[in-house]
Amino acid sequence: MGTFKIEGGNQLKGSIIPQGAKNEALQILCAVLLTDEKVTIHNIPNIIDVNKLIDLLENLGVKIQKVGSSSYTFMSDDLHLDYLQSDQFKKDGRGLRGSIMIVGPLLARFGKGYIPKPGGDKIGRRRLDTHFEGFIKLGAKFRYNREEYFYGVEAKKLKGTYMLLDEASVTGTANIVMAAVLAEGTTTIYNAACEPYLQQLCSMLNRMGAKISGIGSNLVTIEGVKKLGGTEHTILPDMIEIGSWIGMAAMTKSELTIKNAGWDYLGQIPNVFRKLGITVEQKGDDIYIPEHKDGYEVQNFIDGSVLTISDAPWPGFTPDLLSIILTVATQARGSVLIHQKMFESRLFFVDKLIDMGAKIILCDPHRATVIGHDFKSTLKATTMTSPDIRAGISLLIAALSAKGESTIHNIEQIDRGYQDIDTRLKAIGAKIVRLD
């Protein structure tokens with residue numbers, strides 16, 4: 001179990017380039033299974049979760065070549081489908097939640113797709129029903145081995161249909177879209193997720209020969225085609241990492257420029273930070289965060305009531321940044337209610353912030369009230385363990401702002417989502433050491 005030692009209370013300065021988007025990469029990598037032609041993908045983040053999926057694809061028989069620092073080619077022309085029934089696959093699939101998205105492409109192209117119950121962050125229940133109900137509506141037969149927690153879908157031929165999703169699941173929508181592109185006839189998906197990453201996937205599939213309309217809306221129509229070809233694709237900057245750097249700059253009173261941020265794809269993110277009183281300036285495609293010498297003040301609602309920040313399906317605010325918002329609010333001037341609607345365990349890291357001196361009332365598993373310190377008292381350094389990716393980066397931001405030396409254990413959780421984070425933070429002045 002790896003450890004970070006962080007000497008907090010130091011200002012940072014300079015510029016940082018966000019990595020490629022993890023959540024987009026997991027979808028795009030699974031889509032290479034839809035064709036036997038070469039697919040080239042650029043800006044792939046070098047992080048644990050993505051590398052696990054690349055290894056899984058290689059074990060499945062995908063020919064993979066690294067052609068640049070973050071660019072790879074993929075060729076899925078001779079797959080080892082027997083691997084899907086192996087003990088090794090059951091182990092590999094369980095280690096990564098994103099592995100669920102290989103099922104749609106495999107079902108579409110080969111008439112069968114299998115997956116063990118996937119792992120991932122322990123942030124609450126994350127159902128797979130949307131995925132499999134979609135496959136069943138397309139004509140697949142579902143089976144589940146309860147003893148081994150092993151899921152399977154099989155179909156001689158998928159047929160397009162209308163479906164109304166019970167939740168706007170991003171991975172569920174992506175999986176169903178990838179299955180439907182090779183189905184016979186037209187598939188209409190209502191209440192589809194419409195995140196930028198899903199828009200990227202659909203645009204890539206269209207370049208491969210798919211016929212998808214309604215991209216960016218919650219009503220997506222797919223006209224099935226018989227075959228897809230190769231393509232080239234560049235992954236967007238990671239909006240969650242961008243939000244992390246905005247919060248880190250404010251919390252440490254640092255001047256920071258986030259380069260090549262993909263501003264047009266950030267949605268509500270800049271505005272939500274502005275509601276906390278943080279200055280977020282657009283400079284071309286860069287984001288500039290000035291030094292907040294006098295701190296930052298929460299904007300109440302227009303009737304004077306306490307601000308509530310909550311997550312919602314896109315174009316609402318992403319749940320992956322609520323942990324960052326909560327942490328940054330601990331030094332704001334004013335109070336804010338954080339409402340995490342989607343996952344019932346994602347706020348359970350606040351006890352660690354309270355140990356550092358933050359004023360937080362955990363109202364229930366979904367809501368926390370934060371009373372900001374206005375930098376009149378700093379957080380105190382402490383020893384803590386990262387429970388998941390987003391809580392981990394939030395605790396790291398807290399440690400960078402705290403006085404004294406903090407220790408964070410289980411940093412593998414942070415490495416799952418953030419590429420070379422200690423090296424990149426050192427480059428802008430952070431005092432952080434990695435211990436094995």
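Biologist: How far apart are the axes of helix 1 and helix 7, and at what angle do they cross?

Modeller: This is a predicted model, and in it the axes of helix 1 (residues 22-31) and helix 7 (residues 196-207) come within 9 Å, crossing at roughly 25°. Angles under 35 degrees count as roughly parallel, and helix 1 and helix 7 are therefore roughly parallel to each other.

Biologist: Is the crossing of helix 1 and helix 7 left-handed or right-handed, and which residues meet there?

Modeller: Helix 1 passes helix 7 in a right-handed crossing. From helix 1, Asn23, Glu24, Gln27, Ile28 and Ala31 take part, and they meet Tyr197, Leu198, Gln200, Leu201, Met204 and Leu205 of helix 7. Sorted by class, the contact of helix 1 with helix 7 holds seven nonpolar, three polar and one charged residues.

Biologist: Thanks! Which way should I read helix 10 and helix 12: roughly parallel or roughly antiparallel?

Modeller: Start with the geometry again. Helix 10 (residues 322-329) packs against helix 12 (residues 389-401) at an angle of about 20°, and their axes are 8 Å apart. That angle makes helix 10 roughly parallel to helix 12. The crossing of these two helices is right-handed. On the helix 10 side, the contact is made by Ser323, Ile324 and Thr327, while helix 12 brings Arg390, Ala391, Ile393, Ser394, Ile397 and Ala398. Those residues divide into five nonpolar, three polar and one charged.

Biologist: Now a single helix. Which residues of helix 3 are buried, and why do they line one face?

Modeller: First, the general idea: an α-helix has 3.6 residues a turn, so residues three or four places apart point the same way. In helix 3 (residues 87-94), the buried residues are Phe89, Lys90 and Gly93. Looking down the axis of helix 3, these buried residues fall within an arc of 100°, so they line one face of the helix. On the other side of helix 3, Asp87 and Lys91 are exposed.

Biologist: What do the buried residues of helix 3 pack against?

Modeller: Their partners are helix 2 (48-59), strand 6 (112-116) and strand 8 (150-154).

Biologist: I would like to try one residue. Is asparagine 175 buried or exposed?

Modeller: Look at relative accessibility, where buried means under 20%. Asparagine 175 has 0% relative accessibility and so counts as buried. You will find asparagine 175 in helix 6 (residues 170-180). Leaving aside residues up to four places away in sequence, asparagine 175 touches Ile100, Met101, Val103, Gly104, Pro105, His131 and Phe135.

Biologist: On to the backbone. Which residues other than glycine have a positive phi here, for instance in the loop before helix 7?

Modeller: Asparagine 191 is one of them, with phi near 65°. Asparagine 191 lies in the loop between strand 10 (186-190) and helix 7, and at 24% relative accessibility it counts as partly exposed. Asparagine 260 also has a positive value, with phi near 50°. The loop that holds asparagine 260 runs between strand 14 (255-258) and helix 9 (269-275). With 46% relative accessibility, asparagine 260 counts as partly exposed.

Biologist: One last feature: what kind of peptide bond joins tryptophan 314 and proline 315?

Modeller: Check omega, which is about 15° there: the bond joining tryptophan 314 and proline 315 is cis. Proline 315 sits in the loop between strand 17 (307-310) and helix 10.

Key:
Residues numbered from 1 in each chain as written. Predicted model: local features only at pLDDT ≥ 70, side-chain atom pairs only at ≥ 80, totals over all residues. Heavy atoms only, no water. Buried < 20%, exposed > 50% of the residue type's maximum accessible area, 1.4 Å probe, protein only. Helix = DSSP H or I, 4+ residues; strand = E, 2+ residues; numbered from the N terminus. Arc of directions from axis to C-beta. Contact = heavy atoms within 4.5 Å. Axes fitted to C-alpha atoms, helices over the stretch in contact; angles between N-to-C directions. Parallel < 35°, antiparallel > 145°, perpendicular 65-115°, else oblique. Left-handed = near helix turned anticlockwise from the far one by under 90°. Nonpolar A, V, L, I, M, F, W, Y, C, P; charged D, E, K, R; others polar.
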